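Hi,

Here is the structure I promised to pass on. Have a look first, and my notes on what turned up follow below.

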Amino acid sequence: MAEQKLIIEGGRRLEGEIAVQGAKNSVLPLLAAAVLCKGTAVLHNCPRLSDADAALRILNCLDCKCSREMSTVTVNAERMTSNEVSTQLMREMRSSIFFLGAILGRTGYCKWSMPGGCELGPRPIDLHLGALMKMGVDIKEEHGFMHCTTPKGIHGAKISLAFPSVGATENIILAAVTAKGETEIHNAAREPEIVDLSNFLNKCGARIKGAGSGAIVIEGVKELTGAEHSVIPDRIVTATYMCCAGITRGELVLSKTSYRDMSAVFPIFEQMGCSVYTYGEDCIYINARKSMKAPGKIITHVHPGFPTDAQPLFMAMTATLPGTTVFVENIFENRFRHASELNRLGARIGAEGRVAFVEGVGHLSGAEVEATDLRGGAALVTAGLAAEGVTRIGKIFHIDRGYENIEDVLRSVGASIKRN
């Protein structure tokens, strides 16, 4: 079967309204959390993503009953018997690591191999493993597998993270909610997705306090029941479509989103000359028809700073703006792989180490490019919307990991884009 590509005829201004999908980085740990529920978990606003499909396959592998109707996913783990995830499923997505804490919390044992995902440089899981060991988990490596056991059960602990890792914070929470005693996480990640996970677990009977701050306290309970919950909107997808409006000098309304989670990116749009307004409970309006300029410097930080996932998208947009933009990447070591592909479209980007320099050009030109990772792929789509001529993007399986029907969404607001 021939590889699918996205084909974009650039140069069309985007206008209209986009309803933002549920958050990829929230739905995956939420699906893992369903393992802990001795009852039925119902999750609304679940996006159709290849990563979400992989998570559902893992749940099926664990003997959970799963079903989907439109954007609602139902998981019943009451009769879960398995505690081993196949190597193939673990390699499909890096976020499969969330299942470690959940499976241990439910069964006390887990056999797994290293997870897959985007190659963004070292993302060591020693923060996860070190925390779990403090909670009574024994970990042994044998023939490429990790065998995790809890000889005396999982117990609470005081854990100080060297780095506020989102994944480690979520894994600790998942292991701690049914552990004996109290767990404290210091230097915890503060992302909205942490809050969403905690809100769902609390609905199921967990006792979690402090989510969204640097100090989270979890008091273990005997068991969790099921619950009904709506996945929060995807803030990175929101930023993506705002960048698409910016680069095409368009005008969009983003509905069903959360502007409260966008405070780090709004000032950058305004510095570039975009008009950004919020109204109602869940709407953002962006108008990029005024003259725009490079914002100067964009520095990624942990939340509530500028998100690393938005960096490739802004790099694509600034490639067309007068002036020079400096990007400083503080989260991942290998987060500029998309720069060389953007240069194929006519961008002028130089990168060295954790710093990249973008010199704005008058226009981009369509070309054959390949997605290097999820957000890098979305950056190529963003650039292709403004490029003169036709842009063909390969390896779009990366994009499908985090964007639900991206071509249909963009076509609905005036883009000429198709999958072939």
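One residue to start with is Thr169, which touches Leu161, Ile185, Ala188, Ala189, Ile194 and Ile216, leaving aside residues up to four places away in sequence. Keep in mind as you read that this is a predicted model. Thr169 sits in helix H6, residues 166–176. Its relative accessibility is 0%, so Thr169 counts as buried.

On to the cores. The largest nonpolar core has 73 residues, and those with the most contacts inside it are Trp112, Ile173, Phe200 and Leu201. Another core, of 70 residues, lies apart from it, and Ala239, Ile247, Ile349 and Leu364 are among its members. In soluble globular proteins, nonpolar side chains tend to be buried together. If you want one residue to click on, try Trp112: not counting residues up to four places away in sequence, Trp112 touches Val85, Met90, Ile97, Leu100, Ile125, Leu129, Phe145, Met146 and Cys148.

A second threonine is worth a look too. Thr150 is in the loop between strand S8 (145–149) and strand S9 (158–160). Is Thr150 buried or exposed? Its relative accessible area is 14%, and the cut-off for buried is under 20%, so Thr150 is buried. A polar atom of the Thr150 side chain lies 2.8 Å from the backbone oxygen of Gly108. Gly108 also appears among the residues that Thr150 touches, along with Leu104, Gly136 and Val137, again not counting residues up to four places away in sequence.

Now the charged pairs. The count comes to 19 salt bridges, and I picked out a few.

Lys38 and Glu223 meet through their side chains in a salt bridge, at 3.8 Å from N to O. Lys38 is in the loop between helix H1 (24–33) and strand S3 (40–44), and Glu223 is in the loop between strand S12 (215–219) and strand S13 (228–230), so this pair ties together parts that are 185 residues apart in sequence. Lys38 counts as partly exposed at 43% relative accessibility, and Glu223 counts as partly exposed at 43% as well.

Arg260 and Glu281 also form a salt bridge through their side chains (3.8 Å, N to O). Here Arg260 comes from the loop between strand S14 (251–255) and helix H9 (266–272), while Glu281 comes from the loop between strand S15 (275–279) and strand S16 (283–287), so the pair ties together parts that are 21 residues apart in sequence. Arg260 counts as exposed at 52% relative accessibility, and Glu281 is exposed with a relative accessible area of 59%.

Then there is Asp400 with Arg419, where the closest N and O atoms of the salt bridge are 2.9 Å apart. Asp400 lies in helix H13 (residues 397–400) and Arg419 in strand S23 (residues 416–419), so this pair ties together parts that are 19 residues apart in sequence. Arg419 is partly exposed, with a relative accessible area of 27%. There is also a network of salt bridges that links Glu15, Glu251 and Arg289.

Last, a hairpin. Strands S4 (residues 65–69) and S5 (residues 72–76) pair in the antiparallel sense over five bridges, with Lys65 opposite Asn76 in S5. Two residues lie between the strands of this hairpin, and Met70 takes a positive phi near 55° there.

Cheers

Terms used:
Residues numbered from 1 in each chain as written. Predicted model: local features only at pLDDT ≥ 70, side-chain atom pairs only at ≥ 80, totals over all residues. Heavy atoms only, no water. Helix = DSSP H or I, 4+ residues; strand = E, 2+ residues; numbered from the N terminus. Buried < 20%, exposed > 50% of the residue type's maximum accessible area, 1.4 Å probe, protein only. Contact = heavy atoms within 4.5 Å. Core = buried A, V, L, I, M, F, W, Y, C linked by side-chain atoms within 4.5 Å. Polar contact = N/O pair within 3.5 Å; in protein donor to acceptor, adjacent residues only side chain to side chain. Salt bridge = Lys/Arg side-chain N within 4 Å of Asp/Glu carboxyl O. Pairing = 2+ DSSP bridges.
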